[in-house]
Amino acid sequence: MNIKYICTYWGCENQTAKEFLSNVISNGYDGVEINFPDDPKFVTEFSTELEIIRATINADFIFIAQQVLSNKKETVNDYIQRITDRLEYLAKLKPDFINSHTGKDYYDFSDNCKIIEITDNISKKYNIPIVHEIHRGRFSFHLKTLQRYLELFPKLNLVADFSHFCVVSESNLEDQKELLKKIYPKIKHLHARIGFEQSPQVNDPFAPEWQSYLDCYLNWWKEIIEYHNKRNCNQITITPEFGPFPYMPEEPFTKKPLSNQWETNLKMKKYLQQNL
């Protein structure tokens with residue numbers, strides 16, 4: 001199994017596209033995952049630099065575009081228009097695939113199904129795979145209710161961010177292991193972040209008090225990789241995805257982050273390279 005490590009743009013919003021991509025390359029990542037800012041100049045610079053990287057440094061450098069709409073009060077049809085516009089915009093940038101935050105947790109099942117069908121049509125139209133992130137607030141927020149969507153859409157693929165399942169269920173999924181294993185065939189991309197029952201992110205995954213959680217998540221990731229490896233899948237992508245505030249806890253008053261986000265993601269990359 002060829003494991004490719006992807007750098008998140010999350011937390012690097014103060015950098016230009018060129019600065020960000022330069023840091024990604026210098027730190028040994030195999031690609032990027034990015035929710036683009038509303039800045040055409042940034043997007044143009046990103047596309048130019050990406051082309052240079054693929055031509056001169058790494059022809060297989062991976063580009064994952066994220067679709068993450070801001071939350072707003074709107075009708076289902078308004079939401080459908082927004083997600084359609086965004087996905088078509090991202091597809092035209094020709095990423096390797098799109099990671100989509102899809103639907104809303106309070107939408108009716110039929111409405112979320114309609115939205116999933118639309119994303120599938122866009123994927124086919126542009127020949128760009130669209131995978132759906134497991135995330136609070138989306139159709140995929142809950143492990144049990146997700147099963148119904150997978151039954152209706154057998155070709156639907158997922159980004160595994162299991163921290164959200166843990167927060168929603170206030171558990172480490174000890175009582176849902178069989179349900180979790182049922183979605184392993186659908187996992188096409190991993191987000192390597194450690195959460196716990198009350199938050200999608202611990203302050204530092206390598207602190208001794210979080211060892212059992214680190215072990216648990218590592219075991220899940222190993223099981224997913226083993227599953228796909230046995231079925232002759234030759235590659236999987238992993239984004240170490242510890243984020244800034246509000247995912248990153250801060251000291252009161254000083255608002256100092258309890259750990260360094262960038263360094264934590266680098267350390268997670270190295271840890272996984274040694275343990276997967």
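Where is the place of Asn 127? In this predicted model, Asn 127 sits in the loop between α4 and β5. Its phi is near 55°, a positive value in a residue other than glycine. Asn 127 counts as exposed, at 66% relative accessibility. A comparable entry concerns Glu 170. Phi of Glu 170 is near 50°, again positive in a residue other than glycine. Glu 170 belongs to the loop between α6 and α7, the latter spanning 177-182. Its relative accessible area is 53%. The residue is therefore classed as exposed, the cut-off being over 50%. Most residues other than glycine have a negative phi, and most peptide bonds are trans. One peptide bond of note is cis: the bond from Phe 245 to Pro 246, with omega near 10°. Pro 246 is placed in the loop between β8 and α9.

The strands were examined next. A barrel is closed by 8 strands. Their order is β1-β2-β3-β4-β5-β6-β7-β8, and the pairing is parallel. On average, neighbouring strands of this sheet are turned by 30° against each other, direction ignored. Strands of a sheet pair through backbone hydrogen bonds, either parallel or antiparallel. Strand β4 covers residues 97-100 and pairs with β5 in the parallel sense over 3 bridges. Within this pairing, Ile 98 stands opposite Ile 130 of β5.

Ile 130 also appears in the description of the largest pocket. This pocket holds about 620 Å³ of space. Its lining comprises 27 residues. Nearest the centre lie Pro 129, Ile 130, Val 131, Asn 157 and Lys 188. Two or more lining residues come from each of α4 (109-126), β5 (130-133), β7 and β8. Helix α4 gives the most, with 7 residues. By class, the lining has 12 nonpolar, 9 polar and 6 charged residues.

The second largest pocket has a volume of about 400 Å³. It is lined by 22 residues. Trp 10, Asn 35, Gln 66, Val 68 and His 101 lie nearest its centre. The lining divides into 9 nonpolar, 6 polar and 7 charged residues.

Charged side-chain pairs were then considered. The count comes to 8 salt bridges. One of them joins Arg 193 and Asp 161, with the closest N and O atoms 2.9 Å apart. This pair links distant parts of the chain, 32 residues apart. Arg 193 lies in the loop between β7 (187-192) and α8 (211-230). Asp 161 lies in the loop between β6 (158-160) and α6 (163-169). Both Arg 193 and Asp 161 are buried.

Arg 193 has a further partner in Glu 241. Here the closest N and O atoms are 2.5 Å apart. Glu 241 is found in the loop between β8 (235-240) and α9 (261-275), and the pair again links distant parts of the chain. The separation between Glu 241 and Arg 193 is 48 residues. Glu 241 is buried, as is Arg 193.

Salt bridges that share partners also join Glu 74, Arg 82 and Lys 104 into one network. Within it, the side chains of Arg 82 and Glu 74 meet at 2.8 Å, N to O. Glu 74 has a relative accessible area of 14%. Because this value is under 20%, Glu 74 is buried.

Lys 222 completes the survey. This residue lies in helix α8. Its relative accessibility is 38%. Lys 222 counts as partly exposed, because that value falls between the 20% and 50% cut-offs. Lys 222 and Ser 123 are 99 residues apart in sequence. In space they are 29 Å apart, C-alpha to C-alpha.

Definitions and conventions. Residues numbered from 1 in each chain as written. Predicted model: local features only at pLDDT ≥ 70, side-chain atom pairs only at ≥ 80, totals over all residues. Heavy atoms only, no water. Salt bridge = Lys/Arg side-chain N within 4 Å of Asp/Glu carboxyl O. Buried < 20%, exposed > 50% of the residue type's maximum accessible area, 1.4 Å probe, protein only. Helix = DSSP H or I, 4+ residues; strand = E, 2+ residues; numbered from the N terminus. 1 Å grid on protein atoms, 1.4 Å probe; cavity = no way out; pocket = protein on both sides within 12 Å on 5 of 7 lines; lining within 4 Å. Points joined across faces, edges and corners; volume = space filled by probe spheres on them. Nonpolar A, V, L, I, M, F, W, Y, C, P; charged D, E, K, R; others polar. Pairing = 2+ DSSP bridges. Axes fitted to C-alpha atoms, helices over the stretch in contact; angles between N-to-C directions.
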